[in-house]
Amino acid sequence: MCSSDLLKFFLKLTTLTFFTENENSIAIAVSILIGIAFIYAIFLRIRKKSFNKQDGLFFVFSAILFIHLFGPTQIGQAAGITFRTQIYPYLILILWLATISYHKIFKWFIICSVFIITAAFTVVRIPYYIKTNEAVNEYLSVEPYINDRSVVLPLSYAHYGKTPDGKNISELKNYLFVHASDYIGADKQLVLLANIGGTVRSFPYQYKQEINPYRYLQTNEGIEFQPPSVDILKYSKKIGRYVDYVILWGLDDEFIDHPYTQNTLAQLNQDYQLIYSSENDLARLYRCVVSERKINQALEFVKNQAVPENYLNL
């Protein structure tokens, strides 16, 4: 992405838009308000010819903005740097603007503008927050059916979130739900196989390389692709144990006929059993039944060997 595009996105403050196009004009209003305060602050500094040590924040802002516009977009495995850092120049600039002594009228202009912008964001976002919370609660409804100390593979077919009628929650296609399953691991000790952070050294946890799911479990475009592509059976052999649970999130007609999806469903039909489906069928939980099947086969074999009945009760 070239610097001119980054500057355009920076001025539009696209990092503040999550759900709908209606947020774009509000985000631009935030940028304009900060721009007006910035120009007024520069005017006051030049007119009064007074500078102090707090103005060092202005140079920090300038340096961070330069890095944002001309720095790398990716460092190692850390991608999306420009999008993640877009807000930082604004935050530093606001700190500098807070050191300026404004006219009383201008202060009230800022206060009223912030109030209106906040109210506008609230009105626009509340319906989407409600939809998101409902979807998250439906996703997390699988948690009671997952045993502690289990290996869980969450597969998302709806990164943007889904409503019960199949519509995307984020109209701007932001990845709201790509790692929503991590909330399940907040209350239980689980190994969640769909978190790419375990492959990045800057994160406080790491997958062991010999059993890294992003190396041995994913196939084709990978676990976080839409739709995801995995080889569960091959990975189970690699790590020496079966993946205990598989969660399918948001699978509907959009991807049901895709070859990746059909391959995943075939694997689940072979060694897994659907044990829970959420209210609107957005979240489905599958449990590995290989161990149960082997136990049942062993018991059936023992019964067929005419072993004394009291032996079977041991």
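**Entry 1: F70**

I began with F70, which counts as exposed because its relative accessibility is 52% and the cut-off for exposed is over 50%. I should say at once that I am working from a predicted model. F70 sits in helix 3. I also checked its distance to K173: the two are 103 residues apart in sequence, and their C-alpha atoms are 26 Å apart in space.

**Entry 2: overall build**

Next I stepped back to the whole chain. I found eleven helices and five strands. I looked up the radius of gyration and got 27 Å, whereas a compact globule of 314 residues would have one near 20 Å. The C-alpha trace spans about 100 × 40 × 35 Å along the principal axes.

I then turned to surface and burial. The accessible surface of the protein is about 18400 Å², and carbon and sulfur atoms hold 60% of that. Of the 314 residues, 39% are buried. For contacts with a separation of 6 or more, I noted that 66% are between residues 24 or more positions apart.

**Entry 3: the sheet**

In what order do the five strands of the open sheet lie? I read the order as 2-1-3-5-4, with mixed pairing. Strand 2 (190-192) and strand 4 (272-277) are at the edges with a single partner strand each, so one side of each has no neighbour in the sheet. From one strand to the next, the twist averages 25 degrees.

**Entry 4: strand 3 and its partners**

I spent some time on strand 3, residues 245-249. Strand 1 (residues 150-156) runs parallel to strand 3, and five bridges join the two. Here I found V152 opposite Y245, and L153 has V246 as its bridge partner. Strand 5 is joined to strand 3 by five bridges as well, but that pair runs antiparallel. On this side L248 stands opposite R284.

Are the residues of strand 3 buried or exposed? I counted five of its five residues as buried, so I put the strand down as mostly covered, with buried meaning under 20% relative accessible area. Y245, I247 and W249 point one way, while V246 and L248 point the other way.

I also looked at what lies over these strands. Helix 6 (residues 104-140) lies across strand 1, strand 3 and strand 5 (283-288). Its direction is at about 155 degrees to strand 3.

**Entry 5: the nonpolar cores**

A reminder to myself before this one: in soluble globular proteins, nonpolar side chains tend to be buried together.

Which residues touch the most other members of the largest nonpolar core? They are L97 and Y102, in a core of 25 residues. Helix 1 (3-12), helix 2 (22-48), helix 3 (56-70), helix 5 (87-97) and helix 6 are the elements that each give two or more residues to this core. Helix 2 gives the most, with eight residues.

I followed L97 a little further. Leaving aside residues up to four places away in sequence, L97 touches I34, A37, F38, A41 and Y102. Apart from this core I found another, of 24 residues, including L193, Y235, V246 and L268. V246 was already in my notes as the bridge partner of L153, so I can tie this second core to strand 3, where V246 is buried and points the same way as L248.

Definitions and conventions. Residues numbered from 1 in each chain as written. Predicted model: local features only at pLDDT ≥ 70, side-chain atom pairs only at ≥ 80, totals over all residues. Heavy atoms only, no water. Pairing = 2+ DSSP bridges. Helix = DSSP H or I, 4+ residues; strand = E, 2+ residues; numbered from the N terminus. Axes fitted to C-alpha atoms, helices over the stretch in contact; angles between N-to-C directions. Contact = heavy atoms within 4.5 Å. Rg over C-alpha atoms; globule rule 2.2 N^0.38 Å. Buried < 20%, exposed > 50% of the residue type's maximum accessible area, 1.4 Å probe, protein only. Areas by Shrake-Rupley, 256 points an atom, 1.4 Å probe, with all protein chains shown as cover. Core = buried A, V, L, I, M, F, W, Y, C linked by side-chain atoms within 4.5 Å.
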